[in-house]
Amino acid sequence: IFSPLPFPFWYSTFPFVCPTMDAAMAQKHGFQLLRTERVAEMEAVAHVLVHRCGAQLVSVSLADENKTFAAAFRTPVSNGRGMPHILEHSVLCGSRKFPVKEPFVELLKGSLNTFLNAFTYPDRTVYPVASCNLRDFYNLVDVYLDAVLHPRAIEDPAVYAQEGWHYELDDADKALTFKGVVFNEMKGVFSDPLSTQSRTTLHSLFPKTNYGMESGGDPAEIPLGSFEELQAFYRRFYHPSNAFFWFWGDDPVEERLRVLNEYLKDYSATSPDSEVPLHPPLQAPVSAQVRFAADPGEALDKKAILSEAWVISKDVPSVDEYLELSLLNHLLVGTTGASLWKALIDSGLGSTVVNSGLDLDLRHEFF
C-alpha cells in the first residue's frame, strides 16, 4: 500500500554480500521471521517479520549505501478535523528522549540526511528518513522512533494549538481569527484548483468510507477539533500493533532488529481497529460540480477543469496486476506523447491535461 519512496538508489562499487538472518537472530530481538525472499534483479534479500507486540517489519538488504527507514501507521479518519495531519506535524515537535522544541528542524540543518520528511495519506501516515552515513542514519532512526512512540505533543496542549489551530487577536478592535500551521497549510490547499479537483474526485468515488473525508483537514472543520481528540486519536492508532516498519540498504540486519526491539519490547500486542473498509461499488455514475477561487479580474472562460474517473479494482491488486496497471498507465498518459494524452490534447477539449492517470496509493485503484 506504499507509494515508492521519493529518493534514488544506486549500487556500491565495492563487493557486497547480503547479510544473513535466521529465525534465531529474529527471536533474540523479539521478532518472528515469517519469510525470506531473494530479489535477483536487485541482488537483494528481503525479510518479512512480525514483533511479539504486533509490529510488522520488512527488511531489505542490498548494496545501496543510501540507507532508508520508514515508520508507518494506518490512520483512517471519521471526520475532516485533520487529526492525522496535525499529529504528523506534532510528533516531530520534541519527544521523551529528545525534548527540544523542533528536532525535525535541527535534523534538517545538522544531519547528513539524503531524505527527511513525513506524509499524511488518506488512510496512513508515513515517516521516512535516509542517509548514506551509517552513524547518522541510526541517529535519524532513533529520533523518528522516539518521536512517533513518545512524543511530548500528547502531554502538551500548546503543541496542538501551535500545529493545529488557535485563536489569535492582532488588534483589540478586530475580530478573533483562526491560526495554526496545519490550518494555514490547508487553507492554501483548499484554494488550489488542482487540489480541489483531486479531492472532489476521491470524495465522490468513495463517499461511504474514510476516503470520502479530508484526512489533511478541512479548514471549516479543523477548529471543531480539540486536544483531547488528538490524544484519543494518537492512543488508538500510534500503537506498534498498528505499525509497519521498513529498512533498506547495506546496514547490518541485526542492528535493525536490535534498535527496533529497544523501542518495542515494552509493548503488548493489541487488536487496533484501523482496517480501511472496502467501498461498495457505485450503483450509478456520480457527478459533482464545485467552485474554486480565481484571481480578481482573471478571465474565466478558460479556467474550468473537467475530469472523469473510474474505480478499477475492488481491492488492492496483486504484484503482477500492479506492474501491469503501471505499465498500461505509462503507455496511456505517462508522457506528452502517450496515446491518450496526445488524443486529449489533439481533441481541443482543453489546453492541457492535469492530474491524469492511475492512482495506486489506496485500497481501491482508480483512473
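Colleague: Is R256 buried or exposed?
Modeller: This is a predicted model, in which local features need pLDDT of at least 70 and side-chain atom pairs count only at pLDDT 80 or more, while totals for chains, interfaces and linings use all residues. Residues are numbered from 1 along each chain as its sequence is written, and side-chain values use heavy atoms, with hydrogens and water left out. Buried means under 20% relative accessible area, exposed over 50%, and partly exposed in between (1.4 Å probe, protein chains only). Because its relative accessible area is 0%, R256 is buried.

Colleague: Which acidic residue forms a salt bridge with R256?
Modeller: A salt bridge is counted when a side-chain nitrogen of Lys or Arg lies within 4 Å of a carboxyl oxygen of Asp or Glu, and this rule gives 18 salt bridges. For R256, which lies in helix α9 (residues 253-264), the closest N and O atoms are 2.7 Å apart. The partner is itself buried, with a relative accessible area of 2%, and the residue is D251.

Colleague: Which residue of β10 stands opposite V60?
Modeller: Helices (H or I, at least four residues) and strands (E, at least two) are DSSP runs, numbered from the N terminus, and two strands pair if DSSP finds at least two bridges between them. Strand β3 (residues 56-61) pairs with β10 (residues 243-249) in the parallel sense over six bridges. Outside the four places to either side of R256 in sequence, its contacts (heavy atoms within 4.5 Å) include V60, and the residue opposite V60 in β10 is W248.

Colleague: Which strand pairs with β10 in the antiparallel sense?
Modeller: Strand β10 is mostly covered, since five of its seven residues are buried. In the antiparallel pairing, which runs over six bridges, the bridge partner of F245 is A71. The strand that contributes this pairing is β4.

Colleague: How far apart are the closest N and O atoms of E275 and R363?
Modeller: E275 and R363 form a salt bridge. E275 lies in the loop between α9 and α10 and R363 in the segment after α11 (339-347), so the pair ties together parts that are 88 residues apart in sequence. R363 is buried, with a relative accessible area of 17%, and the closest N and O atoms of the pair are separated by 3.2 Å.

Colleague: Which residue is linked with R74, E275 and R363 in a network of salt bridges?
Modeller: The side chains of R74 and E275 meet in a salt bridge at 3.8 Å, N to O. That pair links distant parts of the chain, with R74 in strand β4 (residues 67-74) and E275 201 residues away. R74 counts as partly exposed at 31% relative accessibility, and the further residue in the network is D315.
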